[in-house]
Amino acid sequence: MAYSKVCDAQTGPLDGEVLHRSGSLELDWDLDKEELQEAGTSGDRTQTQHSDCQRSGCSDPGPDPDPEFLEPMPNSVSVSPHGRFERLQEDPNYISHFTRSAGHKGQRRLHGFILRYFLAGLGIFLVGILVGWFTHTPSKPASPPLPESPDLLEELLRGIKAEKINALQKSFSSLPDDSEESRARYLYQQWVGLGLTDVHLYNYTVLLSLPGSTPNTITDRSSHQCFLPSGTPCDQRGPPDLLKEQFSYAAYSAVGSVQGELVDVQYGSVENLRRAKDSLNLTNQIAVVKLGQAPLLYKLSLLSDFGFRGVLLYIDPCDAPPGRSFRHEAFRVTLNSGGNPSFAGSGGSLTSLLVQPISAFLAKTLLSSSSVGQEADACTPLSMPPNTDGKKITLTIGNQMTYKKIYNVVGYLKGKKNPDRHLLVGSRHDGNRGGGTSAITTQLIAALTEQTKQGWVPDRTTVFCSWGGTALGNIGSYEWGKDNSVVLQSSAVAYVSLNSPVRGTETLGATASPTLLQLTSDIQRRQLLSCIRGGNCPGPNVSSLQLPGDASFFANELAVPTMEFAFERTKAGSTEADSFLSEAQFSAESPETIDPLFKFHETIAKVRLLLVAEFALHMEICREEPGDGNNSAGVVFLNLFSHKNARWPPLLSSASSLRDHAAFFQSEAMRPANDPKERDPSHVRMLNDVLRDLEKSFIVPQTPPGVYRNLLYSLPGKTTQFSILKFSQEVALHCSVASKAARHYSLNKEALCHSARNQSLSLILRALHSSDRLITFGLDLFENYPSGTK
């Protein structure tokens, strides 16, 4: 469609920007070469007409009025070079309101001259005042030009300082009231003061499981000796130990007392339980279980199915990260998988088991183990010696359930080009395990708002979230996410988590969904170039492991791509083996203890800033190197089929097809679709939506307890496979041992034991088909035709 500007003495030239916007709605992306040439010729004619317009002296009265509100000029009205009064006199339809009397003609002429001279003088006087005003009034400085992205990024990074984070952390630590409400309200005031114009403080009344008035106890019935969770005898408890001992409990455990024999089931796998069942009656007994190798909630579900009544949890010293000993430390866990547990059963518990964490020292005592733990280069895991009768104990748990308010703080930094696309940046503000997250997030906001005051506006909207109730099951993030799920499903681009940023100083690790692995690796590699220690820096350490934290809701319920950076105590590569140990919550170490100079906090803040800037300054959300399919979704999926139990021909065929389509979607041939300079922004926006929605195909309706519903997040282990495939194998073993139906009906036993695996394979096959169709749709939508020929 060609457009020409209209030159008219009344209206002036039409606004070129308006024409450009209108024209963009009419243009088709796949114009051939001849149509583009015609459009260029039309544009030349438009410029020529505009030049003629300027030479003919057309007036430009300013912005054009809306054509919809303009009425057509009647034909009876004449157009004259004279003023409006004279033009009306020339019009035959004009009727004068003055009587034309010959006797008063001279008098009227005299009065007219006087009035004209008076008005002229008044006009000159007003013009003089205005000239003097604008001459002596300093002109408002023009807005500085918006900086280019590299310069802006450097300015943003310079705004992140360890000293500033340290000062913010001290201000949070010095609050007279350490309650969650006080911290949330203080954080709200800080964000408003920094310039976030849209900040909200939300509260939710939820059911919380808190320690009782006295610590939980474990009593040896043979010796009548009572122990606290740390292993300290009850009669040697001092007043300073009370708070520490009360911290060690399992939130939402059943309460009361249970008597039973201790049974060592190691990590609580189906194989461990089957061996125990062959020699003991497990009904109403008390299991001693190590954390690690599988989600805690999955282990508890198996223990409940096998008939146990109580559970003691501990961390084997051989599993502890180097330099960290859990030998005499008890800890806290939560049995809440997420959100407000208002649906809890009798007494508010989420399980029929009485669950209590204990220290490794107490576990060694109760198991009568001769193992001494880690020494020199060898480590002997704790276990009950063979042919040893288990101790009979009494486990007493007195947790209390109460309804309390939790608080979320949510602030918006509005975008300009794509304000309806949201980058979520989440952290926690609850006091027990804050770890400097509030200070890091506040410093990040300060750096960004400093640039917005200079005129910069991000492309997308950034939503800063500080969650409450995180330690007891990510309650704040679940409740806010469910309230806004309809909006987030269409608007959320990614979720950047800051669950526990500085857990050590050994290595910088990252977790990310497969669609963001490349971006996360690039940012980590860039940050490692300026490593804190200056040389000898570890390489990128990025995985897609499922980890506990506030990202759980967004990854599992909404399939929003997530990422998280954190400094670890362990060396690169060992984080995977220890991932489920993070389910244990120890008394928080102060940030000053781990990082006295706050240099590691500064690095995390800068990495997080790079992520925010990447989404705010660039159109693309999934970036791959041209022709590099190694990190594409299809390859990630295909790698998950390396296990022999996943070599099912339909699955391999679907995964291969998805890999090929995904690789081509991000290949050199499709590069114009990925480059904002070569593609219309609206089409790049659609490309982003296709890549963003890829994970939604991999949300399954139900998984074993504690296992992510998003299949793209894997479990730790040497063999890479889908998590539901791993547990379907254990379910098959479990059904052969514990299923009453299989026990009585041998003909149905084999079908029952393999149904779980077959169902898992069907869910994966459906996910692959769905994602492959989405990629195919993207290829059809963004197909490029070479050199103007179709």
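User: Before we look at residues, what does "buried" mean here?

Analyst: Buried means under 20% relative accessible area, exposed means over 50%, and partly exposed is in between. Please keep in mind that this is a predicted model. Y495 is a good case to begin with: its relative accessible area is 0%, so Y495 is buried.

User: Thanks! How many aromatic pairs does a search of the whole structure find, and how is such a pair described?

Analyst: The general idea is that the distance of the ring centres and the angle of the planes describe a pair of aromatic rings. Searching the whole structure gives nine aromatic pairs. One of them joins Y495 and F554, with 4.3 Å centre to centre and 15° between the planes, and this pair is stacked. Y495 belongs to strand β16 (residues 492–498) and F554 to helix α16 (residues 552–556), so the pair ties together parts that are 59 residues apart in sequence. F554 also counts as buried, at 0% relative accessibility.

User: What does an edge-to-face pair look like by comparison with those numbers?

Analyst: Take Y708 and Y713: their centres are 5.3 Å apart and their planes make 70°, and the pair is edge-to-face. Planes over 60 degrees apart count as edge-to-face, and those under 30 degrees apart as stacked. Y708 is buried, with a relative accessible area of 8%, and Y713 is buried too, at 3%.

User: Which residues do ring pairs link into a cluster?

Analyst: The cluster holds W467, Y478, W480, Y495, F553 and F554, linked through ring pairs. You have already met Y495 and F554 as the stacked pair.

User: How should I read the nonpolar cores, and which residues have the most contacts inside the largest one?

Analyst: In soluble globular proteins, nonpolar side chains tend to be buried together. Here the largest nonpolar core has 58 residues, and those with the most contacts inside it are W191, L448, F464, M563, F565, I604 and F615. Helix α18 (residues 599–617) supplies the largest share of this core, eleven residues. For a closer look, select L448: leaving aside residues up to four places away in sequence, L448 touches L156, L413, W456, F464, L609 and V612. There is also a second, separate core of 56 residues, which includes F306, V355, W467 and A551. W467 was listed in the ring cluster as well.

User: Let's turn to the sheet. In what order do its strands lie, and which are the edge strands?

Analyst: A sheet can be read by walking across its strands. Seven strands form this open sheet, in the order β3-β2-β12-β5-β6-β7-β9, with mixed pairing. The edge strands, each pairing on one side only, are β3 (225–227) and β9 (354–357). From one strand to the next the twist averages 30°.

User: Do β2 and β12 give a good example of pairing: which way do they run, parallel or antiparallel?

Analyst: They run antiparallel, and four bridges join β2 (residues 217–220) to β12 (residues 392–397). Within this pairing, T219 has T394 in β12 as its bridge partner. Helix α11 (residues 360–367) packs on the sheet, where it touches β2, β3, β5 (256–264), β6 (286–290) and β7 (310–314). The direction of helix α11 makes about 125° with that of β7.

User: How many disulfides does the structure hold, and what is the handedness of each?

Analyst: The structure holds two disulfides, and the sign of the torsion tells you the handedness. In the disulfide of C226 and C234 the sulfur atoms are 2.0 Å apart. The torsion about their S-S bond is about -55°, so this disulfide is left-handed. C226 is partly exposed, at 21% relative accessibility. The sulfur atoms of C318 and C379 are 1.7 Å apart, and this link is left-handed, with -95° about the S-S bond. It links distant parts of the chain, 61 residues apart: C318 is in the loop between β7 and β8 (333–334), and C379 is in strand β11 (residues 378–380).

User: Finally, is K299 buried or exposed?

Analyst: K299 is buried, with a relative accessible area of 2%. K299 sits in helix α10 (residues 296–305). Apart from residues up to four places away in sequence, K299 touches Y267, G268, V289, K290, L291, G292 and A294.

Methods:
Residues numbered from 1 in each chain as written. Predicted model: local features only at pLDDT ≥ 70, side-chain atom pairs only at ≥ 80, totals over all residues. Heavy atoms only, no water. Pairing = 2+ DSSP bridges. Helix = DSSP H or I, 4+ residues; strand = E, 2+ residues; numbered from the N terminus. Axes fitted to C-alpha atoms, helices over the stretch in contact; angles between N-to-C directions. Contact = heavy atoms within 4.5 Å. Phe/Tyr/Trp six-rings, centres within 6.5 Å; stacked < 30°, edge-to-face > 60°. Buried < 20%, exposed > 50% of the residue type's maximum accessible area, 1.4 Å probe, protein only. Disulfide = S-S within 2.5 Å. Core = buried A, V, L, I, M, F, W, Y, C linked by side-chain atoms within 4.5 Å.
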